[in-house]
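New notebook page. I have a structure to look through, and I'll jot down what I look up.

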Amino acid sequence: MSEGQGEASDSSRNRLAQALRDLREWLIERLRAGDDHPPRADELPTDAAALAAGRNPSHLRAALARFAVDNRLSAGLPADHIAIWIETSGLRGVRTSVTECARQRRLSARQIHRRIFEVDTAMASLLMRESAIGAALPEVGPPLPAPDWDELFELLRAEAMTAPDALRAVDAVTSYRRNRRGEATAKAGGYLDTAKDKRFRDTRRVEAWARTAVQNPPVAALTPAEGELLVRCQGVSLAEDPRTALDNIDHALATQQRHSLPLLLAHAGRLLPDANAAGVDSWLRYLQLRFHAAMESEHISALRFARALQADAARLVGPGDPRVRTGLAGRAHILQMFGHYAAATRCYTALIRHAAHFPASDGHQKQRIHDAYAQIANTQALASGDLSLAERCLGRAAGIADELVDDLEVQFAFLRRRIEVRLVREVGRAEIALVGRPRTEARLADDLLQLRSIAEGLGKSNRSLAISDLLMLFAVATRDAGAAERARDEFQHVTDRIGGFANLTFRFNARLDTARELDARFADIAPVTGPEDALRTALGTPPLATGLLTTRTRA
């Protein structure tokens with residue numbers, strides 16, 4: 001290349017970098033205003049307008065963020081430079097100021113601005129390789145269908161947990177939900193801060209945030225809180241190999257060492273900021289472990305990682321990859337957990353279609369379809385409305401269970417869900433009582449005895465805890481304090497042996513609270529004790545205990 005050609009190339013690159021800066025600044029203005037209109041005539045400089053190509057700000061944010069993440073290695077940039085560029089530009093729908101970004105990273109504002117400038121320049125060089133100046137920014141279509149409103153609101157709440165001021169962000173989402181859906185505070189959730197003026201200003205921006213979230217911008221591997229945790233824990237010995245870091249998380253989950261998870265997860269997020277760091281499989285495994293850890297804590301952040309797992313598995317591997325189904329099942333489970341039963345049912349239905357269209361290579365296609373039908377039945381039981389869909393799905397599940405008579409997991413899942421649907425059909429939610437119906441009691445007692453036998457054959461602790469939970473519900477419904485005491489002792493024994501699960505302990509004690517409220521005979525039964533869960537927070541977990549008939553519904 002001649003000297004003249006080099007100067008021309010530098011000039012074009014600098015011109016394109018300026019166009020990127022102009023585009024980012026316009027996107028920040030649109031985010032503050034809370035609108036999503038395409039750029040009007042003369043609203044952007046010529047080169048920036050060419051990059052935008054008439055697209056909405058929400059589309060452009062996701063496209064910019066995805067282009068930067070996917071091409072990070074080609075640009076020769078550290079992952080944190082890309083993170084700074086995305087965060088300060090609001091490309092995920094929420095913006096972190098340069099001042100706050102500098103504080104989080106123990107850097108000066110000038111250092112942050114320098115990193116942003118470097119990314120603009122590197123992205124301009126990449127864009128020049130792909131097309132001539134004046135061409136549009138490459139399109140990155142959303143790999144997931146747009147979520148319904150219930151899932152979108154929960155996704156926004158999950159993303160709010162990653163904001164520098166999480167309480168303020170959650171309040172903005174709550175206010176937006178009330179305004180958008182006209183829901184009362186009790187349903188949409190109460191406010192955490194009394195600053196009405198601040199909430200009013202923030203709420204206007206949530207519309208732009210929501211439209212950006214629908215486009216599925218790349219998920220942030222680290223939250224600000226996790227980044228600060230890593231700074232505080234400098235000097236702690238941790239694995240430097242990403243795959244070993246993932247193995248350590250897996251081990252902590254399997255051995256119930258949940259106290260170590262915040263640091264292990266944050267460290268893995270630093271080592272695996274995206275799929276470029278250690279390959280696609282490691283990135284997808286990281287997303288799956290993040291989902292699993294949050295799901296066991298019943299934390300809404302699990303929804304972020306389930307959606308990211310489904311989207312990235314489809315985008316980076318292909319729509320038939322089994323991890324697409326894992327992400328879809330995760331979405332369904334979290335939506336069910338937070339009471340969005342119609343949305344959860346749609347996800348489970350989509351899972352059945354996916355499993356039928358893309359048979360599992362491990363030969364477990366029928367098991368997965370059975371589990372989805374059983375989960376729909378469970379979801380309908382939790383909703384406590386019309387049980388006709390639950391009965392139809394149990395019928396489909398029964399046909400598969402008859403084919404897989406030697407598969408104890410299938411037999412356990414089918415019988416468990418059949419018992420739950422029968423309990424909901426027979427037990428009133430206000431009184432939770434089966435008293436005076438000996439035939440119904442006898443049938444349920446026989447089913448529970450059979451379920452216990454299957455659980456003993458499986459030899460899995462989580463199945464034993466599920467049995468104890470159902471036995472407690474049956475004891476409450478039949479007002480049998482002796483059976484409740486035995487169920488309580490069995491639950492405590494398993495918890496003491498394996499370390500237990502904080503969410504299951506919370507649910508079991510909620511059943512005991514309801515039992516004491518219903519009948520004085522349960523008053524002397526002590527609550528179960530269990531482990532603390534470092535990932536379980538009041539802000540991110542459901543306000544009431546999850547599970548079937550844990551509390552009374554008063555008329």
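Which residue just after H25 takes a positive phi? I found glycine 499, with a phi of about 100 degrees.

Ground rules first: this is a predicted model, where local features need pLDDT of at least 70, side-chain atom pairs count only at pLDDT 80 or more, and totals for chains, interfaces and linings use all residues. Residues are numbered from 1 along each chain as its sequence is written, and side-chain values use heavy atoms, with hydrogens and water left out.

Next, H25 itself. Helices here are DSSP runs (H or I, at least four residues), numbered from the N terminus. H25 covers residues 481–498. I checked its length: at 1.5 Å a residue its 18 residues should span 26 Å (the expected span is 1.5 Å times one less than the number of residues), and the end C-alpha atoms are 26 Å apart, so the two agree. At the N-terminal end, aspartate 480 is the cap, with a side-chain oxygen 3.2 Å from the backbone nitrogen of glycine 482.

I then looked up the buried residues of H25 (buried means under 20% relative accessible area, exposed over 50%, partly exposed in between, with a 1.4 Å probe and protein chains only). Among them are Ala483, Arg488 and Phe491. Their cover includes helix H24 (461–478) and helix H26 (502–518).

Last stop, glutamate 391. I found this residue in helix H21 (residues 388–403). Glutamate 391 counts as partly exposed because its relative accessibility is 36%. Leaving aside neighbours within four places in sequence, glutamate 391 is in contact (heavy atoms within 4.5 Å) with Val421 and Arg425.

Notes
Helix = DSSP H or I, 4+ residues; strand = E, 2+ residues; numbered from the N terminus. Polar contact = N/O pair within 3.5 Å; in protein donor to acceptor, adjacent residues only side chain to side chain.
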